[in-house]
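Me: I'm new to this structure and would love a friendly walk through it. Shall we take it one question at a time?

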Amino acid sequence: MLKQLRPALVMIVALTLITGLAYPYAITSIAQAVFPRQAGGSLIERNGQVVGSALIGQAFTGDRYFHGRLSATVAPDPADPSKSVAAPYNAANSGASNLAPTNKALIDRVQADVQMLRTAASAGAAVPMDLVTTSASGLDPDITPEAALFQVPRVAKARSLGEGQVRRLVEQNVQGRLLGVLGEPRINVLALNLALDDLGKR
Amino acid sequence: MTVNGWIQVALYCAIIIALVKPLGYYMTRVFNGEVTWLRPVERALYAAAGTNEREEQHWLTYGLALLLFNGLGFLLLYALQRAQGALPLNPAGMTAVAPDLAFNTAISFVTNTNWQNYGGESTMSYLTQMAGLTVQNFVSAATGIALAVALIRGFARASARTVGNFWVDLTRATLYVLLPICVVLALVLVWQGMPQTLGPYVDAVTLEGGKQTIAVGPVASQTAIKMLGTNGGGFFNANAAHPFENPNALTNLLQMVAIFAVGAGLTNVFGRMVGDERQGWAIFAAMGVLFLAGVAVCYGVEAAGNPALHALGLDGASMEGKEVRFGTLASTLFAVVTTAASCGAVNAMHSSLMPLAGMIPLLNMQLGELIIGGVGAGLYGMLLMVIIALFVAGLMVGRTPEYLGKKIEAREVKMTLLGILVLPLVILGFTAIAVVLPTGTASMGNPGPHGYSEALYAYTSGAANNGSAFGSLTGNTLWYNLTIGIAMMIGRFFVIIPALAIAGSMAAKKTVPPSAGTFPTHGALFVGLLVGVVLIIGGLTYFPSLALGPIVEQLAMMAGQTFAAGN
């Protein structure tokens with residue numbers, strides 16, 4: 001028993017130094033030198049101000065912007081820190097709804113959102129699934145191309161732009177599958193909205 | 001289901017199959033002491049530890065060394081979490097982790113479970129993530145590999161008293177297998193967008209003028225080992241669904257490959273060490289059959305979607321709890337991979353999967369995660385099933401069962417049954433208590449049969465050392481922190497010790513040459529028998545518990561029934 005105690009002590013300390021400090025510090029130094037943008041969180045600046053990360057979704061609620069997925073993230077309640085309140089796209093506390101497919105709360109929520117989108121949208125357009133469901137991280141930066149096209153009439157009207165012009169912008173922003181095989185086609189909502197703002201300036 | 005979906009599955013399987021031989025070759029050389037490019041570091045470690053690398057250990061000493069090392073690791077990780085508020089590398093100002101949560105998390109990481117009752121970015125300092133969680137990610141995986149190698153030696157040796165030296169196996173698994181692969185993988189992950197910084201969280205002003213605080217950190221270095229070591233504890237609360245922890249389809253594929261790589265390679269190490277690679281391929285084939293069956297069911301059920309949502313005029317699979325960049329296939333494939341191995345990372349929320357699709361991860365864990373398994377743990381789980389399969393085959397023809405020239409006798413079968421029976425005892429026992437105690441049911445986040453499934457999933461995940469969850473269960477309570485903690489400990493060590501005992505007694509046996517009556521263990525008949533035994537044991541043990549949860553929920557869903565809270 002005692003004979004094994006010394007190696008146990010030495011090994012846990014030594015391996016902590018190697019894998020817990022040397023390894024992450026080495027990776028950090030190399031990463032900061034070779035891939036500084038990614039290592040820092042792929043931040044996007046506009047006029048010297050950080051407006052977000054290319055990989056992290058953010059909340060859009062106005063008619064002038066394309067909207068992302070629904071987000072189920074929460075934050076501590078300012079009135080009572082032991083409780084939490086809804087705080088969509090809280091990038092310091094990722095999380096999901098975790099609602100079961102048979103939970104009435106899920107079906108009721110989706111039904112209300114579908115009705116709202118139907119009345120707002122042009123008649124007859126099918127509501128895309130990803131616009132009425134919450135993402136797994138609450139920070140999903142993407143929507144499907146269908147979900148973006150669904151919103152074109154609303155955004156075009158709010159910005160007094162031609163629908164064709166906005167639709168072209170959406171199509172330019174579609175990221176296909178990697179090598180045509182991996183993942184799913186998607187549109188980064190923040191990138192699309194930044195491009196939309198630039199379109200207005202030109 | 002789509003053609004593209006199945007092409008993605010095929011591509012994944014092809015990569016894994018291609019990795020089996022090279023990884024098996026390399027790891028065999030590592031554990032035979034033929035890989036030497038880090039000799040100076042190795043020598044310094046053994047000298048400081050005062051251990052003689054040539055001195056091998058009896059299985060009892062090997063087990064004692066393993067337990068001592070894990071015990072110290074537990075104490076260190078617990079202390080680190082409790083003291084993090086006063087320690088450096090804490091830019092977000094995290095305070096001490098509560099005692100019951102720190103207890104649960106320390107056991108969770110030492111046992112390679114990585115159950116997350118904590119939210120990474122809202123609970124843990126950078127120092128805890130690096131010097132605590134990352135370290136246990138490495139060494140709990142290395143412990144599993146060491147144990148698998150010891151068991152393989154038991155089968156490979158004849159008339160031997162020892163099964164190897166734990167300190168040497170631990171060191172070599174860490175230095176030569178896990179660390180080099182992680183360095184490369186972590187850098188590729190950063191290149192693809194994963195943060196790796198010790199700087200503070202970033203404040204952004206969004207396009208609409210809102211304030212967004214973006215959590216960052218040393219994510220890539222931890223994610224690499226989290227996957228390769230089949231640990232699965234996320235840097236962020238949302239785990240591999242978080243865009244920083246899994247930015248795109250390529251990182252998703254790499255992470256899934258990393259989960260299976262070491263476990264798949266170990267089947268080949270087994271074949272090489274016992275002197276017949278076909279023995280390793282037979283075990284790999286049995287794992288493959290079970291894996292593909294799981295993928296087909298999970299993907300098929302999920303792609304069919306939720307009738308209650310279709311009734312609202314929506315099309316296709318539900319996207320609740322999924323990310324757009326992964327969609328249905330990459331989400332379900334990941335769910336099957338992460339529970340076939342004992343990883344437990346998730347890129348979609350299992351709780352929101354269709355009931356039968358969510359049952360596949362549950363069943364994978366209940367079968368004992370022997371499909372590839374945790375690094376090491378899968379192989380020893382499967383070898384226990386091999387013993388049962390041969391015992392059954394022996395009973396059918398009335399011969400003493402043999403495996404690789406060793407007679408399997410009462411002692412081995414008893415130890416195997418001990419290892420196999422402890423899981424259902426813990427899983428079903430704790431679940432039964434949790435569903436009648438008010439403190440157990442209060443944590444359930446969904447009404448109806450799903451609430452029961454949450455508790456069943458939690459104890460299954462804990463005892464099987466997986467760590468994935470039906471996240472709707474509020475696990476951070478005194479009751480769940482303690483009971484899941486106990487389940488994790490029993491599920492890990494009460495399987496490890498019988499497995500080591502088997503290694504010791506197999507190593508001591510003489511080898512008998514094969515005769516005309518020997519049942520060949522490298523053919524399709526054996527693979528079929530092995531798969532059958534796994535399914536029969538798992539089915540008989542767990543079918544009633546699954547019928548009460550996911551199966552009845554799926555039937556209710558098909559019939560259009562929903563469940564509301566409060567009735």
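Me: In which sense do β5(A) and strand β7 of chain A pair?
Reply: Happy to help, and do keep in mind that this is a predicted model. Strand β7 of chain A covers residues 186-188, and two bridges link this strand to β5(A). One residue to look for is I143(A), whose bridge partner in β7(A) is I187(A). The sense of the pairing between β5(A) and β7 is antiparallel.

Me: Which strands of chain A stand at the edges of that sheet?
Reply: The sheet is open and has three strands, in the order β5-β7-β6 (chain A). Each edge strand has a single partner strand, so one side of each is left without a neighbour in the sheet. The edge strands are β5 (142-143) and β6 (174-175) of chain A.

Me: Now to the two chains: how much area is buried between chain B and chain A?
Reply: Start with the contacts, where 115 residues of chain B meet 101 residues of chain A. In chain B, the residues that lose the most area to chain A are L207(B), E320(B) and V324(B), together 10% of what that side buries. Carbon and sulfur atoms give 67% of the buried area, which comes to about 8500 Å².

Me: Which residue of chain A meets E320(B) in a salt bridge?
Reply: The rule finds three salt bridges across the interface of chain B and chain A. In one of them, the N to O distance is 2.7 Å, and the partner of E320(B) is R109(A).

Terms used. Residues are numbered from 1 along each chain as its sequence is written. Chains are lettered from A and ligands numbered from 1 in the order in which they are written. This is a predicted model: local features need pLDDT of at least 70, side-chain atom pairs count only at pLDDT 80 or more; totals for chains, interfaces and linings use all residues. Side-chain values use heavy atoms; hydrogens and water are left out. Contact means heavy atoms within 4.5 Å. Buried area is the accessible area (1.4 Å probe) that two parts lose on being put together, summed over both. A salt bridge is a side-chain nitrogen of Lys or Arg within 4 Å of a carboxyl oxygen of Asp or Glu. Two strands pair if DSSP finds at least two bridges between them. Helices (H or I, at least four residues) and strands (E, at least two) are DSSP runs, numbered from the N terminus.
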